[in-house]
Amino acid sequence: MNKELADFFNTDLQFIHGVGPVLAAKFNDVLGGRRVLDFLLHVPSYVRPRDILDSIMMAQNGDTVTISVMVKSHKSGGVFKGRRRPTQIMCVDKFAAPLTIQFFNVKFLDYWTEKLPVGQWRIVSGKIDFNGNKGAVINHPEFIELPENASKIPTHQAIYPSGEGLTQKTFSNVRDQIFNILHERVISHITDDRMLEFLDTLEHVHFPETNEDLAPNGKYIPKLAYCELLAHQSAIAINKRARIEQKNKRVVRAKKHDLIDKFYDILPFALTNAQQRTIDEIFADFNKPAPMMRLVQGDVGSGKTMVAMAAAVKMAETGAQTVLLAPTDTLAQQHFAKLQPMCDKLGLVCEILTGRDKGVPRREKLISLKSGRTKIAVGTHALFSEDVEYKDLGLVIIDEQHRFGVVQRTAMCAKGNNPDMLALSATPIPRTLSMTVYGDMDISIIDEKPAGRIPIKTTKLPIARTDALIARISAQVQNGAKVFWVCPLVEESEISDMTAAQSRYEELKKHFAGTGLCHGQMDKKMRDKVMDEFADVNSNMRVLVSTTVIEVGIDVPSATIMVIENAERFGLAALHQLRGRVGRGNSQSYCILLYGNNVSPDGLKRLDVLCETDDGFVIAEQDAMMRGAGELLGTRQSGWIQYHFVDYREHRDLFKLAQNAVLNNNDEMWSANLRQIFDCSTVAGA
Ligand code: ADP
Ligand code: MG
């Protein structure tokens with residue numbers, strides 16, 4: 001790849017006009033990276049028509065429309081009981097039908113009165129909401145233009161899977177600039193026809209005209225999917241070859257003392273057969289000449305942590321160190337709380353290192369790691385910060401491995417000399433796919449749960465029955481039950497996500513005094529505070545309304561009810577993960593899937609899968625078989641390898657094609673370029 005293109009791909013999004021460090025950080029959350037390349041690999045999920053209407057009366061609830069209106073009056077939001085109310089702008093269309101335009105969290109009314117002056121006509125475009133008691137409403141229209149500038153409003157628009165804090169307007173602005181730069185400054189330097197075609201295909205996908213342009217079997221996506229598979233399959237082949245040829249050798253260490261028997265002695269429970277089998281497989285790897293690369297797949301609650309602990313203890317017998325890498329602070333804290341007492345009994349020094357550690361205490365921890373005194377370090381990305389050194393890092397354990405990119409995994413492993421790697425994953429992949437997806441790793445499967453668990457009762461319910469549901473859970477809440485109430489991320493904008501969770505919060509507060517609210521727009525400290533309060537058995541916060549920020553990392557054994565709103569918008573794997581937040585204690589737990597009015601028959605069928613089974617593998621199998629990815633909010637939720645373009649259901653033939661191309665060693669140069677684009681590093685470093 002030439003330098004101009006590589007530089008362009010690697011440009012930080014904060015240098016795109018209109019994007020600063022704050023938005024770039026939000027892009028990082030959604031894209032899993034903050035480079036121009038990360039943006040380019042993020043495909044719109046569908047094309048939305050923006051119909052031009054004469055009258056608001058022609059719109060259906062939820063339509064996105066463009067309409068010309070005359071402004072009648074303004075009503076400032078003001079503050080009421082400590083809360084800011086929405087600013088409202090009353091308008092009428094050509095037929096005098098009323099439309100209210102609402103803005104939330106507006107501090108300066110002036111801005112909107114200037115954009116929408118009383119007595120003047122404006123063209124506005126946004127999503128119509130007939131749900132409330134105010135008639136037709138548009139919250140935060142995406143476009144407000146003078147009548148003579150009507151053509152500035154697009155008639156159709158690519159909608160990107162988004163996250164909290166990023167609007168579709170930001171996406172299209174960034175996209176336009178990226179492609180402008182590409183054409184003005186980069187393309188002329190590219191001589192490779194395949195690269196030109198690749199970029200051209202990407203452009204079609206980012207400027208789709210119809211949903212056909214985004215279809216997995218349409219004109220463009222299969223081309224990109226093939227490139228992506230070529231990158232992955234060639235990386236897998238290189239890794240496999242390197243392992244067979246033993247390019248990297250694990251360090252052979254002598255056993256200094258016995259610990260593992262003591263570990264078995266202090267275990268508070270008997271291991272399941274599946275746990276024991278997995279541990280045996282890991283120990284066998286420790287006797288091989290090449291470093292271990294093993295993935296442990298086991299459903300939520302199958303007891304992966306103890307398997308990780310066993311591996312760490314075995315490693316400690318040689319005096320070498322282990323790190324256990326968790327995706328969030330909370331999760332790291334939980335692991336530490338479990339492992340530290342056991343380590344005490346075994347005489348092993350266990351430490352936790354996260355972004356919270358600062359100053360002298362942090363320095364002391366680093367010294368202990370460097371000296372080799374600390375044998376087991378639990379933590380987050382802080383574990384591979386530049387200034388962290390290890391005496392002899394023998395084993396890297398990565399929990400929730402799909403949350404870490406290849407770059408991070410590589411950075412962690414680079415702290416040791418060919419350390420063993422153990423990845424843990426709670427999102428099972430169908431067995432039929434695992435070989436093609438994880439072909440360079442060995443796989444252990446924990447397909448058995450510890451005895452004595454009470455299965456969670458799962459039901460589905462139309463959202464219109466919410467009142468009945470509230471009545472039903474009231475009694476349980478009075479008896480001390482804790483409830484998670486999850487509102488989905490809405491694609492439109494930060495505003496609508498927040499309002500969804502916020503208005504549900506207001507509503508539930510009327511029924512339950514102890515209701516908390518938690519969403520991604522909140523300051524992280526505040527968020528942690530709310531979560532901690534909810535987790536505290538003695539607090540009277542009984543109901544926690546949140547967006548999906550709780551998906552990973554919160555462990556509240558007293559929580560027994562999980563309500564998921566608009567469950568049809570989530571992937572099965574994500575729903576299964578969310579459900580796994582309850583059913584952790586000794587009481588019967590419940591999961592209630594609320595579905596919206598617009599749910600499709602396929603959407604309902606998907607929910608049935610969840611009501612019928614609790615087996616993560618079955619759910620994964622079904623998830624892979626059933627259509628309807630288009631309805632889901634973002635593909636990142638599926639949890640296996642995070643492909644950008646590949647669709648497991650639609651591209652099975654492409655898997656084979658790519659494998660054959662790799663076998664025949666076609667196009668080694670091009671594959672190397674693609675590995676760079678798709679971040680597929682190899683153990684051989686190629
Ligand atoms: P996950 O696979 O989701 O990471 P954990 O390792 O957190 O699961 O285990 C879930 C719970 O089950 C923990 O409280 C753990 O102590 C407990 N546990 C693990 N293995 C067993 C077992 N063999 N018997 C009983 N309880 C177990
Ligand atoms: Mg776990």
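This is a short dialogue on how to read a predicted model of a protein chain.

Q: Where should I begin, and how many helices and strands does the protein chain have?
A: A good start is to take stock of the secondary structure. Here the protein chain has 22 helices and 24 strands. Keep in mind as we go that the model is predicted.

Q: How do I judge the overall build, and what radius of gyration does the protein chain have?
A: The idea is to set the radius of gyration beside the value for a compact globule with this number of residues. For 686 residues that value would be near 26 Å, and the protein chain has 27 Å, so the two agree. You can also picture a box along the principal axes: the C-alpha atoms fill roughly 85 × 70 × 50 Å.

Q: What share of the residues is buried?
A: A residue counts as buried when its relative accessible area is under 20%. In the protein chain, 54% of the 686 residues are buried. As for the outside, the accessible surface comes to about 30500 Å², and carbon and sulfur atoms account for 52% of that surface.

Q: How do I read contacts along the sequence, and what percentage join residues at least 24 apart?
A: Set aside the short-range ones and look at contacts between residues at least 6 apart in sequence. Of these, 74% join residues at least 24 apart.

Q: And charges: how far apart are the mean positions of the positive and negative ones?
A: Here you compare two averages. The protein chain has 82 positive and 82 negative charges, and their mean positions are 5 Å apart.

Q: Now a single residue. Is L13 buried or exposed?
A: Look at its relative accessibility. For L13 this is 0%, so L13 counts as buried. L13 sits in the loop between α1 (3–10) and α2 (21–31). Leaving out residues up to four places away in sequence, L13 touches V19, F27, L31, R34, R35, V36, F39, V174 and I178. For a sense of distance, take F384, 371 residues from L13 along the chain: the C-alpha atoms of L13 and F384 are separated by 24 Å.

Q: Which backbone oxygen lies 2.7 Å from a polar atom of the side chain of H42?
A: To read a polar contact, find both partners and the distance between them. For H42 the partner is the backbone oxygen of P161. H42 belongs to the loop between α3 (36–40) and β1 (46–49), and with a relative accessible area of 11% H42 is buried. Beyond four places in sequence, the contacts of H42 include Y160, P161 and H206.

Q: Which backbone atoms does the side chain of S539 reach?
A: One side chain can have several partners, as in this case. The side chain of S539 reaches the backbone oxygen of E533 at 2.6 Å and the backbone nitrogen of M541 at 3.3 Å. S539 lies in the loop between α17 (524–535) and β22 (543–546). S539 is buried too, at 11% relative accessible area.

Q: What about backbone angles: what is phi of H140 near?
A: Check the sign of phi, and whether the residue is a glycine. H140 is not a glycine, and its phi is positive, near 45 degrees. H140 is in the loop between β9 (137–139) and β10 (143–145). N418, also not a glycine, has a positive phi of about 45 degrees. N418 lies in the loop between α13 (406–413) and β17 (420–425), and is partly exposed, with a relative accessible area of 26%.

Conventions. Residues numbered from 1 in each chain as written. Chains lettered and ligands numbered in written order. Predicted model: local features only at pLDDT ≥ 70, side-chain atom pairs only at ≥ 80, totals over all residues. Heavy atoms only, no water. Helix = DSSP H or I, 4+ residues; strand = E, 2+ residues; numbered from the N terminus. Rg over C-alpha atoms; globule rule 2.2 N^0.38 Å. Buried < 20%, exposed > 50% of the residue type's maximum accessible area, 1.4 Å probe, protein only. Contact = heavy atoms within 4.5 Å. Areas by Shrake-Rupley, 256 points an atom, 1.4 Å probe, with all protein chains shown as cover. Lys, Arg positive; Asp, Glu negative; His and termini not counted. Charge placed at Lys NZ, Arg CZ, Asp CG, Glu CD. Polar contact = N/O pair within 3.5 Å; in protein donor to acceptor, adjacent residues only side chain to side chain.
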